[in-house]
Amino acid sequence: MALSFANDIRPLFRKGDIECMKDYGFDLSKLSDVRMNAANIYRRLSDKSMPEDGPWPDANISKFKQWMDEGMVE
Ligand code: HEM
């Protein structure tokens with residue numbers, strides 16, 4: 001089964017990530033915003049410049065990429 005935003009991706013974003021990034025143009029808790037900014041989000045996750053306080057484990061970064069590749073299922 002494909003990864004889904006609700007089950008697999010949304011839980012990866014902490015409250016602080018969501019609050020911080022609202023000031024920079026998108027809401028990480030919203031599917032529509034994450035879809036629209038997915039390439040940018042993936043770029044910052046994979047160059048490890050976001051989250052600002054320390055990078056995600058590689059397994060989570062791969063999971064985000066897989067979710068994108070599968071068509072960003074709700
Ligand atoms: C998983 C968590 C996060 C993701 C995916 C993320 C993603 C991004 C992206 C894609 C941008 C570029 C926006 C643009 O200009 O197009 C950005 C910028 C920024 N983010 Fe985050 N962010 C995360 C967490 C955080 C946290 C926790 C903070 C604050 C403590 C933060 C602070 C900032 C700031 C200050 C910028 C603007 C400066 C810059 O581009 O480096 N972010 N973030």
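In which segment is glycine 71 found? Glycine 71 lies in the segment after helix 5. The model is a predicted one, and this residue is a convenient place to start reading it.

Just after helix 5, glycine 71 adopts a positive phi of about 100 degrees. Glycine 71 has 9 other C-beta atoms within 10 Å; a residue counts as exposed at 12 or fewer, so glycine 71 is exposed. In sequence, 69 residues separate glycine 71 from alanine 2, yet their C-alpha atoms are 8.8 Å apart in space.

The helix that precedes this glycine, helix 5, covers residues 58–69. Helix 5 has twelve residues, and the distance from its first C-alpha to its last is 16 Å, close to the 16 Å expected at 1.5 Å a residue.

The chain as a whole comes next. Its secondary structure amounts to five helices and zero strands, and from the N terminus the order of elements is α-α-α-α-α. The radius of gyration is 11 Å, close to the 11 Å given by the globule rule for 74 residues, so the chain is as compact as a globular protein of that length. The C-alpha trace spans about 30 × 25 × 20 Å along its principal axes. Among contacts in the chain with a separation of 6 or more, 53% are between residues 24 or more positions apart.

What lies inside? Buried residues account for 11% of the 74 residues in the chain. The largest nonpolar core consists of eight residues: Ile9, Met21, Leu28, Val34, Ile41, Leu45, Phe64 and Trp67. Helix 4 and helix 5 each contribute at least two residues to this core. Valine 34 is one of the core residues; leaving aside neighbours within four places in sequence, valine 34 is in contact with Phe5, Leu28 and Ile41. Of these partners, Leu28 and Ile41 are listed in the core as well.

The ligand remains. How many residues surround the ligand? There are 14 in the shell, and the closest are Asp17, Cys20, Met50, Pro51 and Glu52. The elements that supply two or more residues to this shell are helix 2, residues 15–22, and helix 4, residues 38–46. Helix 4 thus appears in two places in this account, giving at least two residues to the core and two or more to the shell around the ligand. Sorted by class, the shell contains eight nonpolar, two polar and four charged residues.

Notes
Residues numbered from 1 in each chain as written. Predicted model: local features only at pLDDT ≥ 70, side-chain atom pairs only at ≥ 80, totals over all residues. Near = placed C-beta within 6 Å. Helix = DSSP H or I, 4+ residues; strand = E, 2+ residues; numbered from the N terminus. Nonpolar A, V, L, I, M, F, W, Y, C, P; charged D, E, K, R; others polar. Expected span 1.5 Å × (residues − 1). Rg over C-alpha atoms; globule rule 2.2 N^0.38 Å. Buried ≥ 20, exposed ≤ 12 C-beta atoms within 10 Å, placed from the backbone. Contact = placed C-beta atoms within 7 Å. Core = buried A, V, L, I, M, F, W, Y, C linked by C-beta atoms within 7 Å.
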